[in-house]
Each structure stands twice: as structure tokens, then as C-alpha cells.
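Hello,

Here is the structure I promised to pass on to you. Have a look around it first, and then read on for what turned up.

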Amino acid sequence: MEKLKKTFMKTTFSKTSKFIALAMMFLASFTVFTACGSDDDDESNIVKIDGQETKVLSMNAQEIGETANIFLTIQPIEEGQALITLNFNFPIKNYGKKIACDDNNVNCSFLSNLSKESHYMVNKTEDGVYKIKFQLAQTVGNKTTTVAGSYEGKSMAMTDPAAQ
């Protein structure tokens, strides 16, 4: 009887140990998955220039009176090229609205005469997080250049992004 009791205890202990080990591995897998997921899901702060991917280096937002100014500094596609600047200027009442681009409300360091399909939208949350989406295009002759992207984050201080 004593031998049977020891075998039962050993089996119970072994099953309990296996269960605890499996439970710990299960919980650990969530931690690993969460860490990977946050990197993969981050589609903001990405800009595509003619299909080539780059990123927003900095964003500064200023509100003066009834006007908002958003300044984006974008990493160039090729090393050695100048940083790309993009400026959106619009009435504060237009937060959350799709805005058609024109020479008065968009300035890009390498685009001019934007096509009539070019547009952007800026949202601002109560805690100061900006969500910016833009689709810009310019056609010169037979060549169309496109710049599309998004940014999500708070306004940064106006500094030289190359120094960061």
C-alpha cells in the first residue's frame, strides 16, 4: 500500500510539475508575441517616395491664432541627399477633415505643382498626439512622383534631426 501511495504521489507531482511548466511556457509565449507584434504593427512614421520606403525623422506642430502648421522632416531615400521637408498649413477647424493640396497649404522641398488628387488629413487628440496621413503627387512631362505616408506622435522640439 505504501508503495502504491508513493507511486501515486510521484505521478501527481510529475503531472503538476508538467502543468506548471506548460502554463509558464504559455504565458511566456504571450510576452514574446506582444513584443514582436508591436514592432510589426507600427505602420506610422513611414513614407513611401515612388514606392521606396523611408521614415519621418521629426514632426513639429505649431498653432498660431486659427492656423495650424505641421512640419515634417523626412529621411532621404539615398545616403548623401538632403533631408526632405514637408509643411502643411491649414485652419485649425479643419483637424480631422480631408484637405486638398494647393500651393498655399503644402510646401515640399522637392515637389511643386501638386496634382489635384493630392490631399492630407491631420487629427489631434486631447493629449497632444497628432495623426497625419498624406498622399501627394506631381507630374512633370511623363514622369509622376508620388509621396505617401503617415505620422503618429507628439510634436517634437525644432532641432536638427541629423544630430539625433
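Please keep in mind as you read that this is a predicted model.

**The overall layout**

The protein has one helix and nine strands. If you follow the sequence from its start, these elements come in the pattern α-β-β-β-β-β-β-β-β-β. Of the 164 residues, 30% count as buried. Among the contacts in the protein with a separation of 6 or more, 44% are between residues 24 or more positions apart.

**The sheet**

In which order do the nine strands lie in the sheet? The order is β5-β7-β8-β9-β1-β2-β3-β4-β6, in an open sheet with antiparallel pairing. At the edges you will find β5 (99-100) and β6 (106-108), each of which pairs on one side only. A bit of background may help here: strands of a sheet pair through backbone hydrogen bonds, and they can do so in a parallel or an antiparallel way.

Let me walk you through some of the pairs. Strand β1 (residues 46-49) is joined to strand β2 (residues 52-64) by four bridges, and Ile 49 stands opposite Gln 52 of β2. β1 also pairs with β9, through three antiparallel bridges; there, Val 47 faces Gly 149 in β9.

From β2 the chain goes on to β3, and these two strands share eight bridges, again antiparallel. One of the pairs to look for is Ile 64 with its bridge partner Thr 67 in β3. β2 and β3 make a hairpin with two residues between them, and Gly 65 in the turn has a positive phi of about 65°.

β3 in turn is joined to β4 by eight bridges, with the two strands running antiparallel. Here Asn 69 has Asn 89 in β4 as its bridge partner. Is strand β3 mostly enclosed or open to the outside? Six of the eight residues of β3 (residues 67-74) are buried, so this strand is largely enclosed by the rest of the structure.

There is another hairpin to find, made by β8 and β9. Strand β8 (residues 129-140) pairs with β9 over 12 bridges in the antiparallel sense, and one of the pairs is Gln 135 with Ala 148 in β9. This hairpin has two residues between its strands, and Gly 141 takes a positive phi near 65°.

**Two salt bridges**

How many salt bridges does the structure hold? There are two. As a general point, side chains of opposite charge can pair when their charged atoms come close.

One salt bridge is formed by the side chains of Asp 50 and Lys 143, at 3.6 Å from N to O. This pair links distant parts of the chain: Asp 50 sits in the loop between β1 and β2, Lys 143 belongs to strand β9 (residues 143-154), and they are 93 residues apart. Asp 50 has a relative accessible area of 37%, so it counts as partly exposed.

In the other salt bridge, the side chains of Glu 63 and Lys 124 meet at 3.0 Å, N to O. Here too, distant parts of the chain are linked, with Glu 63 in strand β2 and Lys 124 in strand β7 (residues 119-124), 61 residues apart. Glu 63 is partly exposed, with a relative accessible area of 38%, and Lys 124 is partly exposed as well, at 36% relative accessibility.

**The largest pocket**

The largest pocket has a volume of about 210 Å³. You have already met some of the residues that line it, including Ile 49, Asp 50 and Gln 52. Others in the lining include Ile 77, Glu 78, Leu 83, Phe 110 and Thr 145. What kinds of residue make up the lining? Six are nonpolar, four are polar and two are charged.

**A buried asparagine**

Finally, try to find Asn 94, in the loop between β4 (84-91) and β5. Why does Asn 94 count as buried? Its relative accessibility is 18%, and buried means under 20%. Leaving aside residues up to four places away in sequence, Asn 94 touches Ile 99 and Val 122.

Enjoy exploring, and write back with any questions.

Best wishes

Key:
Residues are numbered from 1 along each chain as its sequence is written. This is a predicted model: local features need pLDDT of at least 70, side-chain atom pairs count only at pLDDT 80 or more; totals for chains, interfaces and linings use all residues. Side-chain values use heavy atoms; hydrogens and water are left out. Two strands pair if DSSP finds at least two bridges between them. On a 1 Å grid over the protein atoms alone, a cavity is a set of points where a 1.4 Å probe fits but cannot get out, and a pocket is an open set with protein on both sides within 12 Å along at least five of seven lines; lining residues have an atom within 4 Å of a point. Grid points are joined across faces, edges and corners, and a volume is the space filled by probe spheres set on the points. Ala, Val, Leu, Ile, Met, Phe, Trp, Tyr, Cys and Pro count as nonpolar, Asp, Glu, Lys and Arg as charged, and the others, Gly among them, as polar. A salt bridge is a side-chain nitrogen of Lys or Arg within 4 Å of a carboxyl oxygen of Asp or Glu. Buried means under 20% relative accessible area, exposed over 50%, partly exposed in between (1.4 Å probe, protein chains only). Contact means heavy atoms within 4.5 Å.
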